[in-house]
Amino acid sequence: MRTISLYDTRERRVRPLEPRDPGKVGIYACGPTVYSRIHVGNARPFVVFSQFKRFLEHEGYDATLVANITDINDKIYDAARAAGRDSAGLAAEMAGHYLADTERLGLGRPDHEPLASDFIEPIIDLIGALVERGHAYPAGGDVYFRVRTLPEYGELSRRDVEQMDQGEGVEGAALKEDPLDFALWKAHKEGEDTSWDSPWGRGRPGWHIECSAMAEELLGLEFDIHGGGIDLVFPHHENEAAQTLAGRGRPLARLWMHNGMLEASEGEKMAKSVGNIRGLAEVLDDVGPEALLLYFSGGHYRQPIAFSPERLDAAVNGIRRIREAGRRLREGDSPDALAGHRDAFFDALADDFNTAKALPALYDWIRAAPDGTGDSHLREMLGVLGLERLLEAGEAAPPALQELAARRERARADRDWAEADRLRDELRDMGWEVRDGPQGPELVPAA
Ligand SMILES: [Zn+2]
């Protein structure tokens, strides 16, 4: 088992992962708020934490990944109102799309994908503990967290108090003892169509408390890694950490791991407000899941990554190279002579999960492997990235295309090169390529 190090946002340094329970690693990664279809940027944390879980398993850990689905939130009420429909129905439909779209990545599912609406009881229990300990107060049917009662507040995001805008706008401003305070429970309002009973009246939870309660329920306190996009550090994660520490007297998580944002192009934010969003489903239709996974893996998870045509093309080419390598290898054990490249790949992942540094080692392995080499090392490396499927024998081409390929062979035999080229292009347009294999020409999916 390698020592795995990760950058801890809270401590601002790379440090060894020291699991709470030896051999086990629990991860909670904040998932989407389901008010619309997810965009390709939302897929980054899903990919990073799914791949990281695969790496932990490769290293022999028993890893549990929790990725929540926020189905109670102001954004959902707003979107439902704008669409003239009920919020629960909208959230259920968008959660369904999220599951289907991410399923297409072929990484499998997280171990738990809790819905906030299924955890109202633990949420109310945690708010009750905060009120009881004096860290929270009811006001006008809402309940607010009293930020200044917790000296540790701000340790995760390291912001000045002046920069701690909770983003709650004017809502509840008159009810708060201090503008720094944030909502744990919100009283039911006209026009909101979901609400639950609580000791403070009918209402619904705030966003931050949902994650604190679900993470505690599913992973226990002081679990190993809390993750999510870097944009969540403040206020969401600062508040999650505060709620649990204040309510339970123990930290929520031992290490905080954040992924960088996806940019529309170098330095340009991808955001709905800018209008440069690309839907995940649309991108999967364009380039396929394999190229998208390789594209994400080409950047270090903590860095921003530009969604540029150049980077996507490079990923598509990379997939072609790996598929080609797979065709000239055989299934079986790889020779020890190539183990150095394989080890360099996994060593890079052990050092703050540096997929960008690991990939060149994978290509080095491919370059160094003679035809007919056993593919076990490559299979192992691709498995962690969720790309082992590239080594599976391609599905057979449909009979109509086999017929086109046969006609092309006859054209070539007749030295009718123009017709042969035309048929080759026609096949290419359908996504297939003719390759000369050991048993003569064969049809393979074009990368
Ligand atoms: Zn969260």
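Me: Which residues touch the most other members of the largest nonpolar core?

Reply: In soluble globular proteins, nonpolar side chains tend to be buried together. A nonpolar core here is a set of buried Ala, Val, Leu, Ile, Met, Phe, Trp, Tyr and Cys residues joined through side-chain atoms within 4.5 Å, where buried means under 20% relative accessible area with a 1.4 Å probe, protein chains only. Of the 78 residues in the largest core, Phe52, Leu292 and Leu362 touch the most other members, and helix α7 (residues 280-297) gives the largest share, 9 residues. This is a predicted model, in which local features need pLDDT of at least 70, side-chain atom pairs count only at pLDDT 80 or more, and totals for chains, interfaces and linings use all residues. Residues are numbered from 1 along each chain as its sequence is written, and side-chain values use heavy atoms, with hydrogens and water left out.

Me: Which protein donors hold the zinc ion, and why is their arrangement irregular?

Reply: Ideal angles at a metal are 109.5 degrees for four tetrahedral donors. Donors are N, O and S atoms within 2.8 Å of the metal (3.2 Å for Na, K and Ca), and water is not among the atoms, so sites may look incomplete. In this model the protein donors are Cys30 (SG), Cys211 (SG), His236 (NE2) and Glu240 (OE), at 2.0 to 2.8 Å from the zinc ion. The 4 donor atoms subtend angles of 71 to 128°, which makes the arrangement irregular, since four donors count as tetrahedral only if all angles lie between 85 and 135 degrees, and as square planar if opposite donors are over 155 degrees apart and all others between 65 and 115. Cysteine 30 and cysteine 211 are both buried.

Terms used: Tetrahedral: all angles 85-135°; square planar, octahedral: opposite > 155°, others 65-115°. Buried < 20%, exposed > 50% of the residue type's maximum accessible area, 1.4 Å probe, protein only. Helix = DSSP H or I, 4+ residues; strand = E, 2+ residues; numbered from the N terminus.
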